[in-house]
Amino acid sequence: MAQPDTKKIFFENLSGAGKAIAVLTSGGDAQGMNAAVRAVVRMGLYVGAKVYFIREGYQGMVDGGENIKEATWESVSSMLQVGGTVIGSARCKEFRSHEGRLKAAHNLVQRGITNLCVIGGDGSLTGANLFREEWSGLLNELVEQGAIEAESVQKYSALHIVGMVGSIDNDFCGTDMTIGTDSALHRIIEVVDAIMTTAQSHQRTFVLEVMGRHCGYLALVSALACGADWVLIPEMPPEDGWEDKMCQKLSANRAGMKRLNVIIVAEGAIDRNNKVITTDYVKDLVVKCLGFDTRVTILGHVQRGGTPSAFDRILASRMGVEAVLALLETTANTPACVVSLSGNQSVRLPLMECVQMTQEVQKAMDQKCFEEAVKLRGRSFENNLKTYKLLAHRKPESELPVSNFNVAVLNVGAPAAGMNAAVRSAVRVGISEGHKMFAVSDGFEGFYKGQIKEIKWADVGGWTGQGGSLLGTKRTLPAKHVDKIAEQMRKHNINALLVIGGFEALECLLQLYDARATFEEFCIPMCMLPATISNNVPGTDLSIGADTALNAIVETCDRIKQSASGTKRRVFIIETMGGYCGYLATVGGLAAGADAAYIYEESFDIRDLQANVEHLTEKMKTSIQRGLVLRNENSNENYTTDFIYQLYTEEGKGVFDCRKNVLGHMQQGGAPSPFDRNFGTKISAKAMQWISKKLVETFRQGRVFANSEDTCCLLGMRRRALIFQPVVSLKDETDFIHRIPKEQWWLKLRPLMKILAKYKTSYDVSDSGQLEHVVHNRPKESDASVAM
């Protein structure tokens with residue numbers, strides 16, 4: 001008899017009854033904080049706990065009164081898409097004093113609150129930990145003063161704290177991504193993309209200052225995402241004499257027919273002597289040395305504002321639910337923890353270990369140990385810096401290794417935003433490794449027709465921010481044309497192949513692997529990068545292009561919901577793409593606050609549809625005015641979007657009316673999101689390094705000969721790691737009829753979406769975070785850094 005999943009049963013029995021949880025946002029605001037507050041409130045209420053808002057951060061905790069107010073389900077409605085924090089945030093000097101913390105303790109005990117969920121930066125979380133350590137002493141003081149009864153000391157003996165890092169700077173060690181960082185990158189990239197068009201018109205140089213305090217993450221990643229000519233960050237100050245090198249690089253780029261230059265400066269940028277580097281200094285330098293028409297743009301608080309991105313909403317919702325679970329599982333001996341992200345996985349880390357490591361970064365910078373500071377920032381930061389250096393600074397021809405290998409790169413399947421960033425990265429890394437790079441137009445159709453030409457470093461300039469596929473892409477599979485493709489490979493002496501695409505790309509590589517038995521031309525290293533908005537490729541949790549599509553869906557859902565403001569109660573039925581894969585409908589539904597999402601993977605019948613209508617009807621009788629239902633295009637051949645629309649219209653008569661919207665190909669278009677640009681850039685660079693290694697390993701007797709399974713691989717993101725997997729090994733994991741993986745990680749997010757929409761359901765916590773310890777250097781393979 002199979003053993004029951006004890007973790008699942010543990011959650012079923014885990015109750016928040018009798019517990020009081022308070023949530024506060026502290027320090028600087030960040031987009032996505034509201035999504036985290038919403039998730040904490042709704043998950044807390046779901047498990048039966050009382051949940052309180054603490055308004056205006058620690059100031060509200062000290063002042064008490066109306067600042068600490070009980071939250072209801074409806075009080076967090078319509079806040080998912082709002083930037084900043086609706087419960088307010090303030091920096092509080094009083095809380096830093098013992099008297100201030102004594103007042104705060106009194107206010108919490110009066111309401112029976114012993115569980116705190118703090119959303120803020122390292123200062124806010126350090127303050128929370130000090131408060132926790134002093135808690136029992138503060139209660140004894142309050143008893144002595146006669147402010148509380150002696151029994152309260154026993155009843156409220158321990159204060160439990162769980163932190164979530166809300167900061168656009170991404171300067172907190174222990175997590176790949178903090179809440180708000182992705183949205184800040186969206187703001188920066190929107191501005192940079194807009195500036196590039198005007199700079200190109202006038203052949204200008206732009207110097208942009210981005211936020212980040214003493215952390216250069218925003219500057220570095222935005223430089224990587226827009227292909228900036230130069231970046232200045234505090235963790236890696238430029239070598240002495242950098243001014244001349246920078247001007248030489250700008251001049252060389254202009255000589256190479258580039259009409260603009262972009263220099264990104266972090267607000268905390270310094271040189272090797274700890275002297276601040278300002279945007280005005282950089283501008284004056286360019287004007288004096290090169291005479292270029294140069295402008296300065298300081299982005300400022302624009303980066304903190306605006307609606308949160310899809311990534312931040314999902315991250316914050318997952319972290320909020322995880323924080324409540326952590327509070328319910330905590331004991332008197334459990335240290336204060338912070339809920340964070342490692343790869344694609346939720347983890348819990350001791351709060352003070354993370355704070356101490358974050359402080360170590362600043363110490364290393366103060367001591368001019370800059371390489372140590374970069375390592376302490378984490379593998380994600382380190383990889384971003386290495387990749388930027390590899391792609392931005394071209395070595396002179398004399399310094400390049402000579403490999404005499406020819407590598408072809410092509411796109412296959414439907415276009416996906418981020419494909420061009422991946423091609424640019426592959427071309428430039430390949431050239432840096434000494435290879436001759438060839439671009440194939442229009443996928444394998446162009447391959448057998450001979451549409452193959454050499455592609456140079458400068459040819460891919462400015463590709464990062466372009467949507468679609470500049471190489472052209474077709475769904476044609478190679479099986480019928482292997483002889484002609486083999487002939488073209490002979491003609492151009494192709495020694496390795498990089499295929500960027502969706503499910504068709506996987507099928508292509510499987511066909512080429514099988515063709516090795518007949519044609520030796522295919523006995524070469526071959527690698528595939530998953531790039532599809534559907535995110536339906538086996539062997540990877542994420543695909544290039546899916547994040548951009550999610551943002552398009554979420555942005556449209558926000559607008560559609562807003563269109564009903566001020567009108568009577570209304571439900572919107574929205575159809576998403578994805579083939580048979582329900583990723584876009586489910587994760588888009590979670591990010592947009594949907595009430596239901598119908599997908600192929602989770603079969604449904606008329607009874608489920610009826611239950612959803614009744615559930616929405618009940619909600620509409622309260623203050624909730626708008627409903628949102630997503631349907632994947634192939635979720636059910638009979639229960640079509642029209643059918644569901646007509647059913648909801650009929651059954652909702654007298655309570656709500658209904659509208660439908662088919663999003664269509666707008667999900668495939670648009671400029672790639674910062675996430676897709678960086679994900680594509682980094683995995684492509686890693687794939688090219690793997691190809692270089694395999695070329696050396698398989699070069700025998702004057703030629704490349706690779707016929708083993710491990711020379712035909714897919715590079716995929718699995719939980720916390722980027723892994724090369726032989727495509728043959730993925731056959732058993734794949735449903736080829738419906739073109740989806742047999743197991744999909746995101747299905748575990750569906751109960752979370754239902755809970756946040758007020759459905760009663762069981763929530764599988766077998767995947768939830770366990771308390772781990774901060775590791776200075778994680779194992780080499782875990783450099784996935786999904787979150788850029």
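This is a short talk on one protein chain, from its overall build down to a few single residues.

Good morning. A word of caution to begin: this is a predicted model. Let's start with the whole chain. It has 24 helices and 27 strands.

How far does the chain spread? Along the principal axes, the C-alpha atoms fill a box of roughly 90 × 70 × 55 Å. Now take the radius of gyration. For 788 residues, a compact globule would come out near 28 Å. The protein chain has 27 Å, so the value agrees with a compact globule.

Next, the inside. Of the 788 residues, 62% count as buried. Now look at contacts between residues with a separation of 6 or more. Residues 24 or more positions apart account for 80% of those.

And the outside? The chain exposes about 29,900 Å². Carbon and sulfur atoms supply 48% of that area. As for charge, there are 88 positive side chains and 89 negative ones. The centres of the two sets lie 3 Å apart.

Now zoom in on one helix, H14. Find residues 379-392. That is 14 residues. From first C-alpha to last, H14 reaches 20 Å, close to the 20 Å expected at 1.5 Å a residue.

Is H14 mostly covered or mostly open? Mostly covered. Of its 14 residues, 10 are buried. Among them are Phe381, Leu385, Tyr388 and Leu391. Polar names turn up on the buried list too, including Ser380, Asn383, Asn384 and Thr387. Glu382 is also buried.

What do those buried residues pack against? Several helices, for a start: H8 (217-226), H9 (242-255), H13 (370-377), H15 (419-432) and H23 (674-697). Strand S7 (230-232) is a partner as well.

On to single residues. First stop, Leu506. You will find Leu506 in helix H18, residues 503-515. Why does Leu506 count as buried? Because its relative accessible area is 1%, and buried means under 20%.

Which residues does Leu506 touch? Leave out those up to four places away in sequence. Then the list is Met528, Pro538, Leu714, Val727, Leu730 and Thr734. For a sense of distance, take Leu506 and Lys19. They are 487 residues apart in sequence. In space, C-alpha to C-alpha, they are 50 Å apart.

Second stop, Ser317. This serine lies in helix H11, residues 310-329. Ser317 is buried, with a relative accessible area of 0%. Again, leave out residues up to four places away in sequence. Ser317 touches Ala35, Ala39, Leu80, Leu590, Leu752 and Leu756.

Last, two residues with a positive phi. Neither Glu56 nor Asn170 is a glycine.

Glu56 has a phi of about 60 degrees. Where does Glu56 sit? In the loop between strand S2 (50-54) and helix H3 (57-63). At 34% relative accessibility, Glu56 counts as partly exposed.

Asn170 has a phi near 50 degrees. Its loop runs between strand S5 (160-165) and helix H7 (181-202). Is Asn170 buried or exposed? Buried, at a relative accessible area of 8%.

To recap. The chain has 62% of its residues buried. H14 is mostly covered. Leu506 and Ser317 are both buried. Of the two positive-phi residues, Glu56 is partly exposed, whereas Asn170 is buried. Thank you.

Note on methods:
Residues numbered from 1 in each chain as written. Heavy atoms only, no water. Helix = DSSP H or I, 4+ residues; strand = E, 2+ residues; numbered from the N terminus. Rg over C-alpha atoms; globule rule 2.2 N^0.38 Å. Buried < 20%, exposed > 50% of the residue type's maximum accessible area, 1.4 Å probe, protein only. Contact = heavy atoms within 4.5 Å. Areas by Shrake-Rupley, 256 points an atom, 1.4 Å probe, with all protein chains shown as cover. Lys, Arg positive; Asp, Glu negative; His and termini not counted. Charge placed at Lys NZ, Arg CZ, Asp CG, Glu CD. Expected span 1.5 Å × (residues − 1).
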